[in-house]
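Colleague: Got a minute to walk me through this one? I'd like to know what goes where before I start.

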Amino acid sequence: MSLSTEIFGGAAMRLATLGAAGLISLGLGLGPAAAQEGAAPQEEHEAETPHYPLKKPELESWSFSGLFGRFDTAQLQRGFQVYREVCSSCHGLKLVAFRHLGQEGGPHFGDAEVRALAAEYQVTDGPDESGDMFERPGRPSDYLPSPFPNAQAAAAANGGAAPPDLSMIAKARAVGYGIQWTILDFFTQYQEAGPDYIHALLTGYQDPPEGVTVPPGGHYNPYFIAGPALAMPPPLSDGQVTYADGSPQTVDQYSRDVAAFLMWAAEPHLVDRKRMGFQVLIFLVIFAGLMYLTKKKIWADIPH
Amino acid sequence: MAGTSTYQPKSSVGRWFESRLPLGGLIHSSFVAYPTPRNLNYWWTFGAILSFMLVAQIVTGVILAMHYTPNADLALNSVEHVMRDVNYGWLLRYLHANGASMFFLAVYIHIFRGLYYGSYKEPREVLWILGVIIFLLMMATAFMGYVLPWGQMSFWAATVITNLFSAIPLVGETITTWLWGGFAVGNPTLNRFFSLHYLLPFMIAGVVVLHVWALHVSGQNNPAGIDIKTNRDSVPFTPYATVKDTFGLVCFLILFAWVVFFLPNYLGHPDNYIAADPLKTPAHIVPEWYFLPFYAILRSIPDKLLGVVAMFASIAIFLFLPWLDTSKVRSAVYRPLYKQFFWIFVICGLGLGYLGSQPPEGVYVIAGRILTIYYFAHFLIILPLIGILERPKPLPSSINDAILSKNGGVPAESKA
């Protein structure tokens, strides 16, 4: 029963964040009634097989959502700091190169900063003239080194489960809310299920409820997409990362920042895409209007 | 029905060429002078939209192939290289991936338009069958294209679909091994899928030429479902159909742009951003949305072989539609009973699509079975029967008359 109330609660909250579009859908009768319908079969199945995640992520507000979405440079820089100081000890980011971190509209670190940052890492290069591999300081063209040499080493060091690379994680995780929301998402342009999930997971660690036994090495988290508990211990704590810009040093803020950063890592051209998309839409709407008038003129004398 | 070409090139070079290869005349008679029914509505613009989508898919696909690496270890990274480092690579890839969805959306509308207005009936049977062949080729092409990024869903979709062939008695296992190029889905499978994914669109283009040719022999159907009888029933393709098709296409492109620029991953599956892992089966393996109704039919049958047979039969049955529908009246506008069953069939198809996306358990299985039975009953029982039982409304004597009665009897001349 608790499951269905949670789904319904999540749905109601989601509706609130959707604003105007949500109101339209209410008018159409697509709203709460549909949400209840969607919850009913879930409730039925609860007894047979539990469906994960146990709780759906809360919807956060993101600077990069919607028609005019843009990344917040300061937030991406903080997010990178969280990744670097916390996540990177276990998780790789192998598709991101140091040079990417200087991207305008992305983290936008200065040239010198990128160079200095890359040089802090040691990268294996070679072979040299005598056929030996050698270590050298990183360059902007190098990719961020992963913490483990291969998946086997990563698994061995982490109790059998390799921590996933985070390059695409923000597009590789999405929790469905049911068909009525999927339809609504088309109109509200909801594409932030990944960062919502990351934020929910990182802030969602809690003590297991009465009667729930967590397997050894597991950490209870009702937001985890594939089970009641995951192998990763709660990675963040308040005050763990020192922000230079005075932003709150809380788990909630860290999670939000790192989720935004990972969205950028997964979709670095998001800002270009939305900017161009808006121009294309304007062009097409005007073009369609002109074609309609042309059509009307040509067909004016022909009843059809 | 093909318009007799009165095409006369203006330049002497043009006349010299035309007398040796009458290419200009062919284009002129097919796309300029070609008489098109005057009463066509916007559902008829989807032929032009589909032609555009085929060309768009080929153009974006050829460029993507310049940056893609068909190797099991490198494929996903090469796709991400396109997304991150190739100039406008993200645009090309999102256009191509979502273009497949738009292509299917357009083809489903095109098919259901044909179903509603009886476009498959005499004399357009061959035209219809060529269309079904194009649809089958599209499905094969789209499936193989989905495998190419070599993400989790790519890999497991390839595994599920190729395994279907193992249901064939006696030779099934051998055929499956042959398809894979090994004893499991692997690098050889990816290589041949890439090769075929590049080949099939050109086969589609070839059959499209035949499809258009057949269309120009039999002439276009129209909302009234009656033949062109006099010049008053038709208008020349250019400018009338050309401008209408262009307007329809631009409207369709607005939808396409909305998806590509603002919802590029809406129609995809998040698991396909996880590298393929043969040792880790995803919680739910689901195909792309356009295959869901057929996937639901496959899963509704408890027996593997019969399930595969039912799935292929659900598409093959369209080939026999011209003879299963016994009514002589084409358009549903004049078929009160058929019109209702048409919409029930649409709902049945949407329902199967929804069920295909759900886990195969509980009520979903039962609902899937009911809709599967209904799907086949529509073709095998309902269509043959209502053709006999139904009393169609009286048909107008000509397309011109149909327009006149629609416009409240105002003669064409008085309006001009």
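Colleague: Among contacts in chain A between residues at least 6 apart in sequence, what share join residues at least 24 apart?

Modeller: That share is 65%, where a contact means two C-beta atoms, placed from the backbone, within 7 Å. Keep in mind that this is a predicted model, with local features needing pLDDT of at least 70, side-chain atom pairs counting only at pLDDT 80 or more, and totals for chains, interfaces and linings using all residues. Residues are numbered from 1 along each chain as its sequence is written, and chains are lettered from A and ligands numbered from 1 in the order in which they are written.

Colleague: How many helices and strands does chain A have?

Modeller: Chain A has 11 helices and 4 strands; these are DSSP runs numbered from the N terminus, H or I of at least four residues for helices and E of at least two for strands.

Colleague: And how many residues of α9(A) are buried?

Modeller: In α9(A), residues 193-203, 11 of 11 are buried, including A:Tyr197, A:Ile198 and A:His199. Buried means 20 or more other C-beta atoms within 10 Å of the residue's own; 12 or fewer is exposed, and in between is partly exposed. Those buried residues pack against α7 (169-172) and α10 (251-266) of chain A.

Colleague: Switching to chain B, why does the span of α9(B) agree with what's expected?

Modeller: Helix α9(B) has 32 residues (187-218), so at 1.5 Å a residue it should span 46 Å, and its end C-alpha atoms are 46 Å apart. The expected span is 1.5 Å times one less than the number of residues.

Colleague: What comes right after α9(B)?

Modeller: B:Gly219, with a positive phi near 85°.

Colleague: Which residues touch the most other members in the largest nonpolar core?

Modeller: A:Phe261, A:Leu262, B:Ala106 and B:Val147, out of 125 residues. Helix α5 (residues 89-117) of chain B gives the largest share, 13 residues. A nonpolar core here is a set of buried Ala, Val, Leu, Ile, Met, Phe, Trp, Tyr and Cys residues joined through C-beta atoms within 7 Å.

Colleague: What does A:Leu262 contact, leaving aside neighbours within four places in sequence?

Modeller: A:Leu166, A:Ile169, A:Ala170 and A:Ile198.

Colleague: Last one: how many residues does each chain put into the contact between A and B?

Modeller: Chain B gives 34 and chain A gives 37. On the chain B side, α10(B) supplies the largest share, 13 residues.
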